[in-house]
Amino acid sequence: MEGADALDLATRLRDLTLAQLEAARASQWETATEYLRQRDMVLQRLQAIDPERLDERCRAAIAALLDEVRALDRELVTLVETALEAVREEQRAIERNDAAARGYRRALGASGVAEIVDREV
């Protein structure tokens with residue numbers, strides 16, 4: 001029975017990884033993070049199984065599933081790195097805009113909290 005449990009866990013790990021990848025492709029990062037948490041729990045259970053107690057056919061099937069997981073993970077890493085770089089670029093743009101606004105305020109002689117544009121009441 002342990003072999004069937006291990007194979008079920010490996011299949012579940014692959015399915016969760018695929019779901020996480022699909023969420024990442026859709027930029028649903030909170031969902032992707034939840035799948036990562038679930039993956040961790042499944043992986044812990046899978047790692048607790050002694051591979052010596054599994055027959056060769058079961059070990060081969062699990063190895064194939066883990067190869068799929070690794071391939072999906074490589075794509076996940078690429079997506080995460082791309083998203084992180086986009087966030088970093090947005091942060092740099094915000095910092096540039098903030099620096100420009102502070103410089104404009106200084107040039108106008110306004111305090112750091114003054115609005116750039118006067119508003120009519």
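A contact means heavy atoms within 4.5 Å. Among contacts in this protein between residues at least 6 apart in sequence, 68% join residues at least 24 apart. The model is predicted, so local features need pLDDT of at least 70 and side-chain atom pairs count only at pLDDT 80 or more, while totals for chains, interfaces and linings use all residues. Residues are numbered from 1 along each chain as its sequence is written, and side-chain values use heavy atoms, with hydrogens and water left out.

**View 1. The whole protein has three helices and zero strands.** Starting at the N terminus, the elements read α-α-α. Helices (H or I, at least four residues) and strands (E, at least two) are DSSP runs, numbered from the N terminus. Of the 121 residues, 21% are buried; buried means under 20% relative accessible area, exposed over 50%, and partly exposed in between (1.4 Å probe, protein chains only).

**View 2. Here we meet Leu 18, a residue of helix H1 (residues 2-25).** Leu 18 is partly exposed because its relative accessible area is 32%. Its C-alpha atom is separated by 9.3 Å from that of Glu 68, although the two residues are 50 apart along the chain.

**View 3. Now look at Trp 29, which belongs to helix H2 (residues 29-47).** With a relative accessible area of 32%, Trp 29 is partly exposed.

**View 4. Trp 29, Val 80 and Leu 84 form a nonpolar patch on the surface.** Together these residues have about 240 Å² of accessible area, a value from the Shrake-Rupley method with a 1.4 Å probe, where for residues only the protein chains shown count as cover. Patches are made of residues with over 30% relative accessible area and no salt bridge (a side-chain nitrogen of Lys or Arg within 4 Å of a carboxyl oxygen of Asp or Glu). Nonpolar side chains (Val, Leu, Ile, Met, Phe, Trp, Tyr) are joined within 5 Å, and like charges within 9 Å.
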